[in-house]
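This briefing accompanies the structure shown below. Please read the points beside the sequence and the coordinates.

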Amino acid sequence: MTGTAPVKPAEFHVYDTTLRDGAQQEGLRLSVIDKLAIAGFLDELGVGFIEGGWPGANPNDTAFFESLKSGGPDGQFRLQNATLAAFGFTRRVGMRAADDPLTAAVRDSGAPVACLVAKSHDRHVEQALRTTLAENLAMITDTVTHLRAEGQRVFVDCEHFFDGYRDNAAYALEVVRTAAEAGAEVVVLCDTNGGMLPNWIGDVVAAAGEIGVPLGIHCHNDTGCAVANTLAAVDAGAMHVQGTINGYGERTGNADLVSVVANLELKYGWPVLPAGALAEATRLSHAIAEVTNVPPSGRQPYVGLSAFAHKAGLHASAIKVDPNLYQHIDPALVGNDMRMLVSDMAGRANIQIKGEELGFDLSDRDLAAKITDQVKEAEAAGYTYEAADASFELLLRRELGQLPELFAVHSWRVFTQSHHGDEIDTEATVKLTAKGVGQRVVGEGNGPVNALDHAVRNALAPAYPVVDRFELIDYRVRILDQGHGTDATVRVLIQTTDGRRTWTTVGVGQNLIEASWEALFEAYLFGLIHSQASPEADVEEPAAPVPAGV
Ligand SMILES: CC(=O)SCCNC(=O)CCNC(=O)[C@H](O)C(C)(C)COP(=O)(O)OP(=O)(O)OC[C@H]1O[C@@H](n2cnc3c(N)ncnc32)[C@H](O)[C@@H]1OP(=O)(O)O
Ligand SMILES: CC(=O)C(=O)O
């Protein structure tokens with residue numbers, strides 16, 4: 001690798017603000033219980049500081065700090081690694097810090113650290129605070145001094161520092177100096193509007209470093225550079241990085257702390273988390289996403305589902321020799337996995353690696369080439385195996401002569417009728433033979449796929465009771481040739497679970513019901529093949545009923 005990593009400062013802070021700045025993301029709403037759950041995950045990741053919110057600003061954040069004082073609802077919650085920080089701002093204009101109720105809320109929050117946002121851009125002081133530059137400095141001194149005297153460690157977030165530096169560098173630097181002289185342990189330079197680029201950040205942090213106080217960095221992602229800007233600040237001497245898990249935050253978000261710490265640990269070689277913690281990053285990032293109810297981005301660096309997914313044939317053929325040829329790190333270092341995708345961009349190597357992953361020997365080049373051609377042809381017709389691993393496995397089994405005939409379908413039909421124009425009934429009939437016994441079963445449903453699902457399930461159940469545990473959990477339709485109105489080709493993807501594993505199958509056709517049937521048939525076939533292979537599925541809890549509406 002060219003370029004050398006900077007030397008790690010003697011003291012280095014990883015400061016998480018998911019519960020405060022992350023919660024400023026549109027659509028994200030965290031209850032006290034959510035915050036406690038996330039704090040637990042952050043602590044497990046090993047961040048040094050967890051900013052829990054702004055006590056006094058809203059009842060939820062106040063309740064979170066109160067709850068932590070008594071160990072959460074069950075009295076057992078304790079942070080093992082992290083130090084709790086309470087966010088607040090400098091005292092109000094014209095008031096004494098000791099009399100300001102919001103300063104009191106931070107002071108009385110029980111958090112050992114107070115992180116205060118202070119204005120550092122002269123225009124903001126004059127226009128937003130509507131006060132003098134001198135009074136802003138007095139507000140900083142008074143608030144920091146008061147909280148220090150009350151026994152709190154204090155960090156100061158200099159809001160709009162980089163924009164402020166451009167307009168009035170002397171004043172922005174004066175704010176840093178004032179905060180440090182009043183007792184701030186770290187002065188954090190904030191790219192509040194997120195408009196900076198790495199070299200600008202680096203230059204300004206280096207200039208502020210001349211003051212000789214410990215500096216931190218807090219970047220928003222409006223230029224898409226929050227992580228790069230954070231690293232540029234570290235290169236220029238910052239010893240404290242702020243960010244949020246998964247990059248949550250106002251507008252386009254904050255620096256994604258997962259990427260920041262992974263870069264520091266794996267690229268700079270700096271141990272910034274407890275030993276072994278980084279290998280939990282994928283699990284913890286996804287666990288936090290479950291709590292925030294924001295779907296994780298597949299393309300998130302390091303921990304995204306696609307972060308180590310390989311689609312192109314050329315990549316796969318090199319990966320067969322050595323995975324590192326097309327990966328910047330071993331995915332296990334962050335708890336992620338390599339995934340091989342099968343699509344029309346696949347070459348033999350994708351098919352061979354994927355086949356091996358599924359337990360099939362595809363080392364025969366001609367056989368692998370034949371399957372590759374079949375995949376390309378099917379994909380050209382509208383199938384997608386990248387999203388439907390189960391259908392790909394069935395295709396392989398068919399080609400390898402390893403597809404057991406667990407049941408044979410003779411016919412199926414669907415019938416929908418409306419009564420007096422409002423009530424609509426759907427009925428499906430399936431005729432099949434399973435374990436030598438013929439069945440002709442009628443299923444009803446609130447839509448054709450639902451009715452077919454009931455019919456095929458009831459027809460298979462006498463021979464294979466395990467089907468009662470199969471639950472259709474997702475059904476997606478995509479029109480493939482959009483110019484074609486109602487005679488367009490459609491693709492249906494069905495996701496099914498048996499409570500232990502989840503699988504996806506695909507069907508394609510000009511008839512929506514036909515495409516749905518194909519995906520449904522494959523869903524049952526795949527589920528049955530695997531329940532035969534591991535019959536312990538028979539003792540699982542029954543699945544919930546089939547979702548309505550299809
Ligand atoms: C860059 C950041 O993300 S900083 C964090 C921002 N987060 C939030 O704002 C979320 C929580 N905020 C809130 O709940 C509310 O804004 C509160 C409780 C803090 C204040 O609410 P209100 O008293 O109703 O004031 P409002 O929000 O309308 O305006 C903010 C006031 O704080 C003042 N203020 C802004 N920054 C600072 C500061 N660093 N120090 C002191 N006062 C400040 C403003 O001048 C304004 O004063 P005014 O009331 O005299 O007009
Ligand atoms: C403090 C903060 O969140 C900011 O300046 O962006």
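How many helices and strands does the secondary structure of the protein come to? The secondary structure of this predicted model comprises 17 helices and 16 strands. Its C-alpha atoms fill a box of roughly 90 × 60 × 50 Å along the principal axes.

**Overall architecture**

- The protein has 550 residues, of which 45% count as buried.
- Among contacts between residues at least 6 apart in sequence, 68% join residues at least 24 apart.
- UniProt, in an unreviewed entry, lists residues 12-283 as "domain: Pyruvate carboxyltransferase".
- That span, residues 12-283, is 42% helix and 16% strand, and its end C-alpha atoms lie 24 Å apart.

**Nonpolar cores**

- The largest nonpolar core contains 94 residues. Those with the most contacts inside this core are Val156, Cys158, Leu189, Val205 and Val261.
- Not counting residues up to four places away in sequence, valine 156 touches Leu116, Ala118, Ile140, Val144, Ala179, Ala184, Val187 and Val188.
- A second core, separate from the largest, has 56 residues, including Ala388, Trp517, Leu520 and Tyr524.

**Helix 5**

- Helix 5 covers residues 133-149, 17 residues in total. The distance from its first C-alpha to its last is 24 Å, close to the 24 Å expected at 1.5 Å a residue.
- Its buried residues are Asn136, Leu137, Met139, Ile140, Asp142, Thr143, Val144, His146 and Leu147.
- An α-helix has 3.6 residues a turn, so residues three or four places apart point the same way.
- The buried residues of helix 5 pack against three helices and two strands: helix 3 (101-107), helix 4 (122-129), helix 7 (169-182), strand 4 (113-119) and strand 5 (153-159).
- Two buried residues of helix 5, Ile140 and Val144, are among the residues that valine 156 touches.
- Glycine 151 follows helix 5 and has a positive phi, near 95°.

**Helix 7**

- The 14 residues of helix 7 should span 20 Å at 1.5 Å a residue, and the end C-alpha atoms are indeed 20 Å apart, so the helix agrees with the expected span.
- Buried positions in helix 7 are Ala172, Leu173, Val175, Val176, Thr178 and Ala179.
- The elements covering these buried residues include strand 4, helix 5, strand 5, helix 6, strand 6 (186-191) and helix 8 (198-209).
- Ala179, buried in helix 7, is also one of the residues touched by valine 156.
- Just after helix 7, glycine 183 takes a positive phi of about 120°.

**Ligand surroundings**

- Around ligand 1 there are 14 residues, of which Ala57, Phe89, Thr90, Val117 and Leu129 come nearest.
- By class, this shell around ligand 1 consists of 8 nonpolar, 3 polar and 3 charged residues.
- Strand 4 and helix 4 each supply at least two residues of the shell around ligand 1. The largest share, 3 residues, comes from strand 4.
- The residues around ligand 2 are Asp21, Val117, Asp157, Glu159, Cys190, Thr192, His218 and His220.
- The shell around ligand 2 divides into 2 nonpolar, 3 polar and 3 charged residues.
- Val117 is listed around ligand 1 and also around ligand 2.

**Loop residues and backbone conformation**

- Most residues other than glycine have a negative phi, and most peptide bonds are trans.
- Histidine 160 has a positive phi, near 50°, and is found in the loop between strand 5 and helix 6 (161-167).
- Is histidine 160 buried or exposed? Histidine 160 counts as buried because 23 other C-beta atoms lie within 10 Å, the cut-off being 20 or more.
- Arginine 251 also has a positive phi, near 55°, and is found in the loop between strand 8 (240-243) and helix 10 (257-267).
- With 13 other C-beta atoms within 10 Å, arginine 251 is partly exposed.
- Tyrosine 248 is likewise found in the loop between strand 8 and helix 10. This tyrosine is buried, with 25 other C-beta atoms within 10 Å.
- Apart from residues up to four places away in sequence, tyrosine 248 touches Thr18, Gly22, Gln25, Leu28, Gly253, Asn254 and Thr292.
- The C-alpha atoms of tyrosine 248 and alanine 105 are separated by 25 Å, and the two residues are 143 residues apart along the chain.

Terms used. Residues are numbered from 1 along each chain as its sequence is written. Chains are lettered from A and ligands numbered from 1 in the order in which they are written. This is a predicted model: local features need pLDDT of at least 70, side-chain atom pairs count only at pLDDT 80 or more; totals for chains, interfaces and linings use all residues. Helices (H or I, at least four residues) and strands (E, at least two) are DSSP runs, numbered from the N terminus. The expected span of a helix is 1.5 Å times one less than its number of residues. A residue is buried if 20 or more other C-beta atoms lie within 10 Å of its own, exposed if 12 or fewer, and partly exposed in between; C-beta atoms are placed from the backbone. Two residues are in contact if their C-beta atoms, placed from the backbone, lie within 7 Å. A nonpolar core is a set of buried Ala, Val, Leu, Ile, Met, Phe, Trp, Tyr and Cys residues joined through C-beta atoms within 7 Å. A residue is near a molecule or strand if its C-beta atom, placed from the backbone, lies within 6 Å of it. Ala, Val, Leu, Ile, Met, Phe, Trp, Tyr, Cys and Pro count as nonpolar, Asp, Glu, Lys and Arg as charged, and the others, Gly among them, as polar. UniProt positions are given in the numbering used here, feature names are shortened, and annotations may be inferred rather than shown by experiment.
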